[in-house]
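Colleague: I should like to request a close look at a single part of this model, set out for a first-year student. Please begin with one residue and then work outward to its surroundings.

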Amino acid sequence: MSHPDLSVFGQDPWWLMLGKALAIFVFLLLTVLVAILVERKILGRMQMRFGPNRVGPFGLLQSLADGVKLALKEGLVPAGVDKPIYLMAPVIAVIPAIMAFAVIPLGPMVSVFGHATPLQLTDLPVAVLYVLAVTSVGVYGIVLAGWASGSTYPLLGGLRSSAQVVSYEIAMALSFVAVFLYAGTMSTSGIVAAQAQTWFVVLLLPSFLVYVTAMVGETNRAPFDLPEAEGELVGGFHTEYSSLKFAMFMLAEYVNMTTVSALATTMFLGGWQAPWPVSMIDGANSGWWPVLWFVAKVWGFLFLYMWLRATLPRLRYDQFMALGWKLLIPVSLAWIATVAVTHQVRNDGAPPWVTAVVYLGFLVAALSVLVLWNSRRRRRIRAALPPTPTDDSPFPVPPIPRKETTHA
């Protein structure tokens with residue numbers, strides 16, 4: 001595995017590092033405010049109704065008004081809660097979501113007041129593993145919130161979230177293995193540099209699809225929002241929270257969405273590199289322009305989140321867990337084996353068509369297994385259904401009423 005040059009990180013003066021950290025924090029807060037408003041507008045249009053349109057011109061100040069309202073509301077603390085953990089849980093949910101963004105590259109080297117610096121706070125040889133570890137800590141905030149509330153439904157929501165994160169974290173991590181094989185590094189800046197010619201979404205499409213599915217499950221978003229299913233758990237893990245404490249959970253959810261979207265952009269869509277054919281323009285990948293490409297790609301994933309919420313109904317919990325353990329993880333393992341074999345074959349000097357044949361064989365095998373599994377599931381469902389009563393049934397069957405046709 002190659003070792004990218006990380007010597008450019010950690011050389012900035014203290015004021016520049018502080019400025020970059022503050023810029024990341026402000027970027028995440030503004031993204032959350034805009035995302036909440038945009039989501040409500042998009043859901044309104046998709047459901048043939050108006051979204052927010054009262055506060056400010058075209059409703060643009062609705063998110064700001066909601067934030068002020070939440071801040072001014074009375075913060076209630078139920079009598080039966082474990083108060084220290086109850087108050088600590090929202091903080092534990094928010095901080096890891098923001099920390100994970102520290103290793104995301106937003107652009108190349110730029111000049112800031114005469115200092116050449118990368119548009120990235122820091123980088124590590126195992127930066128992707130750092131992101132996975134930090135985002136996994138955030139689930140403790142949800143679990144502790146459900147447990148400390150002293151109520152049944154929040155506890156069930158917290159337990160669901162822990163099982164959900166464990167299941168989908170495995171699939172998410174496995175989807176990165178193929179990227180590590182192709183990039184030869186786990187550093188985020190090195191992975192972006194490895195996609196200078198071809199984005200990994202083209203070379204590793206199954207990994208990308210597994211990651212996109214896992215990131216929706218990881219962030220507890222519809223149709224995988226089982227920890228806060230209002231039809232079953234009232235409000236889920238944050239049922240007993242109000243005021244700023246509830247706002248912090250919402251902030252953590254949207255910051256997590258932004259972080260996993262930025263990670264998907266970095267791992268599969270070339271990071272801050274300009275898309276084709278814009279990349280053919282001189283200077284498209286230099287200066288501050290790459291920040292625009294990066295933000296546009298992140299918003300593409302955020303729009304996908306909103307589209308899924310407006311389109312798909314919530315899964316049953318058994319369907320949700322079966323998707324992770326019976327489909328995503330086996331597909332990821334088989335795909336890793338395929339990529340490892342083809343990567344080694346290409347390193348040994350085999351022509352590119354060998355890789356294409358192996359990939360095509362994997363896709364055919366995966367589709368065949370999926371079709372067989374689906375047909376077997378259908379037969380099992382039919383076998384579990386009660387038999388259709390016939391005329392010679394020993395039990396009395398009422399006649400089916402016929403519809404009478406009336407003519408005008």
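In which helix is the place of Ser 63?

Modeller: The model is a predicted one, and the place of Ser 63 is in helix H2, which covers residues 62-72. Ser 63 counts as buried because its relative accessibility is 9%, and a residue is called buried when its relative accessible area is under 20%. When neighbours within four places in sequence are left aside, Ser 63 is in contact with Leu 33, Ile 36 and Leu 37.

Helix H2 also holds Ala 65. Ala 65 has a relative accessibility of 29%, and therefore counts as partly exposed. From C-alpha to C-alpha, Ala 65 and Val 55 are 7.5 Å apart in space, while 10 residues separate them in sequence.

A further residue to consider here is Asp 66, whose side chain meets that of Arg 40 in a salt bridge, with 2.9 Å from N to O. This pair links distant parts of the chain, for Asp 66 is in helix H2 and Arg 40 is in helix H1, with their positions 26 residues apart in the count along the chain. Arg 40 counts as partly exposed because its relative accessibility is 36%.

Let us now turn to helix H1. This helix spans residues 14-46, and Leu 29 lies in it. Leu 29 has a relative accessibility of 30%, so it counts as partly exposed. Leu 29 also helps to make a nonpolar surface patch of about 560 Å². The other members of this patch are Leu 22, Phe 25, Val 26, Leu 30, Leu 33 and Val 34. Leu 33 thus appears in two settings: it is one of the residues that make the patch, and it is in contact with Ser 63 of the neighbouring discussion.

The salt bridge between Asp 66 and Arg 40 belongs to a wider set, since a search of the whole structure finds 7 salt bridges. Another of them joins the side chains of Arg 221 and Glu 253, at 3.0 Å from N to O. Here too the pair links distant parts of the chain, 32 residues apart: Arg 221 is in the loop between helix H8 (205-218) and helix H9 (230-233), and Glu 253 is in helix H10 (residues 243-268). Arg 221 is buried because its relative accessible area is 3%. Glu 253 likewise counts as buried, because its relative accessibility is 18%. Both residues take part in a network of salt bridges that links Glu 39, Arg 221, Glu 253 and Arg 309.

A salt bridge is also formed by the side chains of Arg 316 and Asp 318, with 3.0 Å from N to O. Arg 316 is partly exposed because its relative accessible area is 49%. Asp 318 is partly exposed as well, because its relative accessible area is 46%.

Glu 169 offers a contrast, as it is buried yet has no salt bridge. The nearest side chain of opposite charge is that of Arg 221, 16 Å away. Glu 169 lies in helix H5, which runs over residues 152-183. Its side chain makes a polar contact with the side chain of Ser 136, at 3.1 Å. With neighbours within four places in sequence left aside, Glu 169 is in contact with Leu 132, Thr 135, Ser 136 and Glu 218.

Helix H5 is also the place of Gly 158. Gly 158 counts as buried because its relative accessibility is 2%. Leaving aside neighbours within four places in sequence, Gly 158 is in contact with Ile 142, Val 143 and Phe 237. The C-alpha atoms of Gly 158 and Leu 226 are separated by 9.9 Å, although the two residues are 68 apart along the chain.

Finally, these details may be placed within the whole. The protein chain has 13 helices and 2 strands, and of its 408 residues, 43% count as buried. Its C-alpha atoms fill a box of roughly 90 × 65 × 55 Å along the principal axes. Among contacts with a separation of 6 or more, 78% come from residues 24 or more positions apart. The chain exposes about 22,100 Å², of which carbon and sulfur atoms supply 70%.

Note on methods: Residues are numbered from 1 along each chain as its sequence is written. This is a predicted model: local features need pLDDT of at least 70, side-chain atom pairs count only at pLDDT 80 or more; totals for chains, interfaces and linings use all residues. Side-chain values use heavy atoms; hydrogens and water are left out. Patches are made of residues with over 30% relative accessible area and no salt bridge: like charges are joined within 9 Å, nonpolar side chains (Val, Leu, Ile, Met, Phe, Trp, Tyr) within 5 Å. Accessible areas come from the Shrake-Rupley method with a 1.4 Å probe; for residues, only the protein chains shown count as cover. A salt bridge is a side-chain nitrogen of Lys or Arg within 4 Å of a carboxyl oxygen of Asp or Glu. Helices (H or I, at least four residues) and strands (E, at least two) are DSSP runs, numbered from the N terminus. Buried means under 20% relative accessible area, exposed over 50%, partly exposed in between (1.4 Å probe, protein chains only). Lys and Arg count as positive and Asp and Glu as negative; His and the chain ends are not counted. A polar contact is a pair of N or O atoms within 3.5 Å; within protein, one must be able to donate a hydrogen and the other to accept it, and residues adjacent in sequence count only if both atoms are side-chain atoms. Contact means heavy atoms within 4.5 Å.
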